[in-house]
Amino acid sequence: MITIPYLSSLSTYFSYLLLIFFGYLRDAFTIIIDWTRPNNFQGYAPICYRSEDFYIRRLYLRIQDCFGRPIASAPDAWFDVVERYSNDNNRTMNRTTTTKRCLNLGSYNYLGFAASDEYCTPRVIESLKRFSQSTCSTRVDGGTTTIHKELEKCVADFVGKPAAVVFGMGYVTNSALLPVLIEEEGLIISDSLNHKSIVNGARGSGATVIVFQHNTPSHLEKVLREQIADGQPRTHRPWKKIIVVVEGIYSMEGEICKLPEIVAICKKYKAYLYLDEAHSIGAVGKAGRGVCDLLGVDTADVDVMMGTFSKSFGSSGGYIAGSKELVQYLKYTCPAHLYGTSISPPAAQQIISSIKVILGEDGTSRGAQKLEQVRENSNFFRSELQRLGFEVLGDQDSPVMPIMLYNPAKIPAFSRECLKHNVAVVTVGFPATSPLLSRARICISASHTREDLLRALDVCIAV
């Protein structure tokens with residue numbers, strides 16, 4: 001649990017009340033003005049009412065220059081940010097032809113593979129020449145190439161599972177898969193801070209969804225025990241299936257899942273375990289194989305292993321790894337496999353090549369060096385932020401580290417001032433977090449040097 005300082009909580013509530021009050025006051029004047037003007041709806045209702053986009057108009061648009069900043073280079077340790085300006089109070093943003101060279105503290109490029117790589121890049125270019133940039137088809141039609149089959153075997157071997165299936169988008173991997181795995185009369189027990197893709201997938205499944213306190217195995221056990229005893233609502237029949245869903249590293253908290261305790265509880269109560277390793281696979285563990293590798297958990301104890309390729313592997317897409325029976329079932333039923341365009345061949349080749357580098361199959365020790373570098377960089381930066389008095393969330397070895405800002409006015413202030421000092425950061429507020437828990441989320445990469453990190457610390461202190 002995050003303990004919010006009293007003054008921070010009070011000032012945050014006051015700021016939101018002030019913003020909302022003046023927003024509705026301006027809306028009231030706008031309604032009066034619009035009432036005097038003829039409308040041009042021609043019998044149609046407004047497609048979007050004022051109350052529905054109030055947050056966007058009165059809060060988000062004021063600071064939208066802090067989000068969606070275009071870049072003009074690869075997301076390496078340093079990248080080129082396109083400069084923008086607005087002539088209408090940020091309602092619309094206009095790009096300039098100039099760029100600013102900035103230290104990148106926002107991309108998920110944990111191992112540095114998103115930039116040009118001596119092993120990966122030539123092989124990706126070769127695959128582009130051989131297969132083109134897209135299959136222009138779903139996997140079940142003409143979208144399965146020899147690279148896709150090689151990728152699925154490579155992923156299964158890497159995570160330690162008998163089989164795997166890959167999808168063209170990480171978000172869809174969760175949101176389309178959960179409705180296939182479980183339906184009505186089933187129970188999903190989800191961590192309270194799970195990613196939106198898990199939330200949407202759980203809601204779309206039709207199953208009963210219960211949340212447990214974030215990363216708290218004791219509460220998970222309490223919920224499981226109560227739900228098994230009570231059974232289904234109204235009928236009290238036994239649940240047909242129970243799935244516990246957790247993440248390896250929580251993307252907004254930087255915390256590592258308490259996997260050994262959760263595995264023991266799932267075994268005790270005969271519940272399936274679904275592990276989302278979007279931010280942990282490739283980034284943590286001695287061999288980069290994720291939280292199971294880091295915490296010494298046998299992958300056989302995790303029933304469904306999910307992950308994405310858009311972080312540590314410098315590519316795109318997602319995967320599900322599990323038993324051969326599970327993977328075969330998903331290939332017959334999952335809409336992301338049946339209807340979604342397959343991963344582009346160059347993206348698939350990038351994943352295969354980066355995994356080979358991580359495992360040392362490129363004939364060098366660069367993969368081990370990258371893993372060691374991201375671990376050292378993450379632990380150094382976190383400890384220095386804490387020493388300097390910043391309130392930082394997350395655990396050791398996690399490359400994700402949120403710096404708490406709390407007050408909504410600090411979101412644009414921190415972002416804009418960092419940009420002035422040539423440091424690009426990601427700031428996060430409501431609705432991605434609770435209104436009280438606005439933060440700047442720092443993502444550390446193996447491509448960052450110690451000088452880069454020291455510069456970033458100096459800028460954070462100054463800002």
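**Exercise 1. Describe the lining of the second largest cavity in this predicted model by residue class and by element.**

Solution. Begin with the classes: in the predicted model, the lining of the second largest cavity has four nonpolar, five polar and one charged residues. Next, list the residues themselves, which are R139, V166, F167, G168, A336, H337, G340, T341, S342 and I343. Then turn to the elements, where β3 (163–167) and α11 (335–338) each supply at least two residues of this lining. Finally, add the volume of the second largest cavity, which is about 30 Å³.

**Exercise 2. Find how many cavities of 30 Å³ or more the whole structure holds, and describe the largest cavity.**

Solution. The search of the whole structure finds two such cavities, with 30 Å³ as the lower limit, and the largest cavity has a volume of about 40 Å³. Among the residues that line the largest cavity are P75, D76, N104, C443 and H448. Sorted by class, its lining divides into three nonpolar, six polar and one charged residues.

**Exercise 3. Work out where the largest pocket lies with respect to domain 1 and domain 2.**

Solution. Start with the space in the largest pocket, which is about 1200 Å³, and with its 49 lining residues, of which S192, L193, N194, M252 and E253 are the closest to its centre. Several elements give two or more residues to this lining, including α5 (170–181), β4 (186–191) and β13 (438–443), while α6 gives the most, with five residues. By class, the lining of the largest pocket has 19 nonpolar, 18 polar and twelve charged residues. As the last step, note that domain 1 (6–35 + 44–104 + 368–462) and domain 2 (119–359) both give residues to the lining, so the largest pocket lies between them.

Terms used:
Residues numbered from 1 in each chain as written. Predicted model: local features only at pLDDT ≥ 70, side-chain atom pairs only at ≥ 80, totals over all residues. Heavy atoms only, no water. 1 Å grid on protein atoms, 1.4 Å probe; cavity = no way out; pocket = protein on both sides within 12 Å on 5 of 7 lines; lining within 4 Å. Points joined across faces, edges and corners; volume = space filled by probe spheres on them. Helix = DSSP H or I, 4+ residues; strand = E, 2+ residues; numbered from the N terminus. Nonpolar A, V, L, I, M, F, W, Y, C, P; charged D, E, K, R; others polar. Domains from an automatic or database assignment.
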